[in-house]
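Reader: I'd like a close look at one spot here, the place where the ligand sits. Start with a single contact and then work outwards.

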Amino acid sequence: MTSVGASPFLRPSGLSTATRSSPADDGRLHFPPDFLWGAATSAYQIEGAADEDGRTPSIWDTFSATPGRVHHGDTGAIAVDHYHRFRDDVTLMRDLGLTAYRFSVSWPRVQPTGHGPAVERGLDFYRQLVDTLLEAGITPVATLYHWDLPQELEDAGGWPARDTAERFGAYAALVAEALGDRVKRWTTLNEPWCSAFLGYGSGVHAPGRTDPGDALRAAHHLNLGHGHAAAALRATVRDLHLSVSLNLHQVIPLTDSAADAEAARRIDAVGNRIFLGPMLHGRYDEDLLRDTAHLVDWDRLIHSGDAATAHAPLDAVGINYYTPAWVSADGPSSSAVHGTSSASPWPGSESVAFHQPAGPTSTMGWPINADGLFGLLSRVHEERPDLPLLITENGMACEDYPNPEGEVRDPERIAYLHDHLAAVHRALSEGIDVHGYFQWSFMDNFEWAYGYAKRFGMVYVDFATQRRTPKSSAYWYAEVARHGAIPRPEQ
Ligand code: FCB
């Protein structure tokens, strides 16, 4: 097994005895016994079967079929064929000792036009998936929306149109009705920031539109859609455990200057508080409304009652974390973490520059920094100490390949996972209630605009043969899940 290596993060002296180690002090940092050891995927990235059993195109089918949008012209039409291989995939999850699995439901598979009744064959797929998970002793965690809006709804205006939020609530009710007897843990939206600002702002994600006002309108309707879906789930699912998955930005000003602090404030507003505000506190902050007032008429956009709708009771907040954002007041930017486009994903704050400090990066070019995860956990805990937290995504893309012996060795990923889990452990030891960790991703898959060029999986997939091979990090993670502990970092 690959050794973990020194971690820049280590502060073992700050750890309390509660989670620091077992009574026998077996050299490991222990997590709570009911901690969820999971992995995550999403429908469009893995299922394939794009036109089977009544499914119709989503915005990602359209976008990836448009020349120049996705690396190599790759699409999710086949992806990793999970739709047909889910039983084997769940067996692999069980063999690797996962205790939870986060997947998403494909809206166009379940309600192809975004209106009307559900397609039973589409729901059956998820019923079977969930039953297979439960038989394997794996807790299912269902995400209602991971970016695959039915194309018909986009044609009717997409997320910038208020009706899409209502449609999302109705779709949520259908899915809750079908699966709510066996799925108790739900997440409404995955990373609404990306849906709004990469989809309608910079256009690097589907549907590829570039209008800052529409991006802000989309954000508001995603907040509203979250609220409608939360209400539908609450009304239907007994013993519901409800969360939302936010890709919060750990925003770090490049220098101590007042100008850089102001840049950080702006990015925190439109990158984080635009969702944290309505969902956790029932309001938009004044500074956000001021920064963007020239782009959207908030008074018209926000109807009375919207704040209460978006502020639906939650049982946990899901945090997706990959890398921090270093910002300064002026350019040029040296970081392209959110892709490259001539249009900005930061409406009203287009002049803020993003930086990439020297140091290790993943093959996405994203700086590796486990402190950022600790920072986000602390921040959300401070804002809402009553809400438990989940890490609903965290992981790393590496240059994975099978060696001549057929093994896929990924020591960099093991080090990454170790350091980020150590950050979670530190949060736990400081009294922050973290319920689980979901590695992105269970297996290699369609990485959005990067197509099949980036591998995030615990399990290597040969895309031509669909053969699955667990990477060495998968065996490492299996050990972690089995012991409920990570090796104590080297001092
Ligand atoms: C997140 C997405 C997920 C995957 C990872 C790498 O933003 O939610 O689907 O693409 O990034």
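How far is an oxygen atom of the ligand from an N or O atom in the side chain of Glu-447?

Author: The gap is 2.8 Å, from a ligand oxygen to a side-chain N or O atom of Glu-447. That is a polar contact, meaning a pair of N or O atoms within 3.5 Å; inside the protein, one atom must be able to donate a hydrogen and the other to accept it, and residues adjacent in sequence count only if both atoms are side-chain atoms. Before going on, bear in mind that this is a predicted model, where local features need pLDDT of at least 70 and side-chain atom pairs count only at pLDDT 80 or more, while totals for chains, interfaces and linings use all residues. Numbering starts from 1 along each chain as its sequence is written, and side-chain values use heavy atoms, with hydrogens and water left out.

Glu-447 has company. Gln-45 also has a side-chain N or O atom 2.8 Å from an oxygen of the ligand, and Trp-448 puts a polar side-chain atom 2.9 Å from a ligand oxygen. The residues around the ligand (those with a heavy atom within 4 Å of it) also include His-146, Trp-147, Asn-190, Glu-191, Tyr-322, Glu-393, Trp-440 and Phe-456.

Now match some of those numbers to the strands. Helices and strands here are DSSP runs, numbered from the N terminus: H or I over at least four residues for a helix, E over at least two for a strand. Asn-190 is around the ligand, and strand β5 covers residues 185-190. Glu-393 is on the ligand list too, and β11 covers residues 389-394. Both strands belong to a closed barrel of eight, in the order β2-β3-β4-β5-β6-β8-β11-β12, with parallel pairing. From one strand to the next, the twist averages 25 degrees.

Follow the pairing around a bit; two strands count as paired if DSSP finds at least two bridges between them. β3 and β4 run parallel and share five bridges, with Ser-104 partnered by Thr-143 in β4. Thr-143 is in turn the bridge partner of Thr-187 in β5, and four bridges join β4 to β5. Over at β8 and β11, there are four parallel bridges, and Ile-319 stands opposite Ile-391 in β11. As for β4, six of its seven residues are buried, so the rest of the structure largely encloses this strand. Buried means under 20% relative accessible area, exposed means over 50%, and partly exposed is in between (1.4 Å probe, protein chains only).

Back to the part of the chain that holds Glu-447. Asp-444 makes a salt bridge with Arg-455, 2.5 Å from N to O; the term means a side-chain nitrogen of Lys or Arg within 4 Å of a carboxyl oxygen of Asp or Glu. Both residues lie in the loop between β12 (434-440) and β13 (459-462), so the bridge ties together parts that are eleven residues apart in sequence. Asp-444 also pairs with Lys-471, the closest N and O atoms being 2.7 Å apart. That second link spans 27 residues, with Lys-471 in the loop between β14 (467-470) and α17 (472-483). Asp-444 and Arg-455 are both buried, and Asp-444 and Lys-471 each come out at 0% relative accessibility. Across the whole structure, the search finds 37 salt bridges.

How values were computed. Axes are lines fitted to C-alpha atoms, for helices over the stretch in contact, and angles run from 0 to 180 degrees between N-to-C directions.
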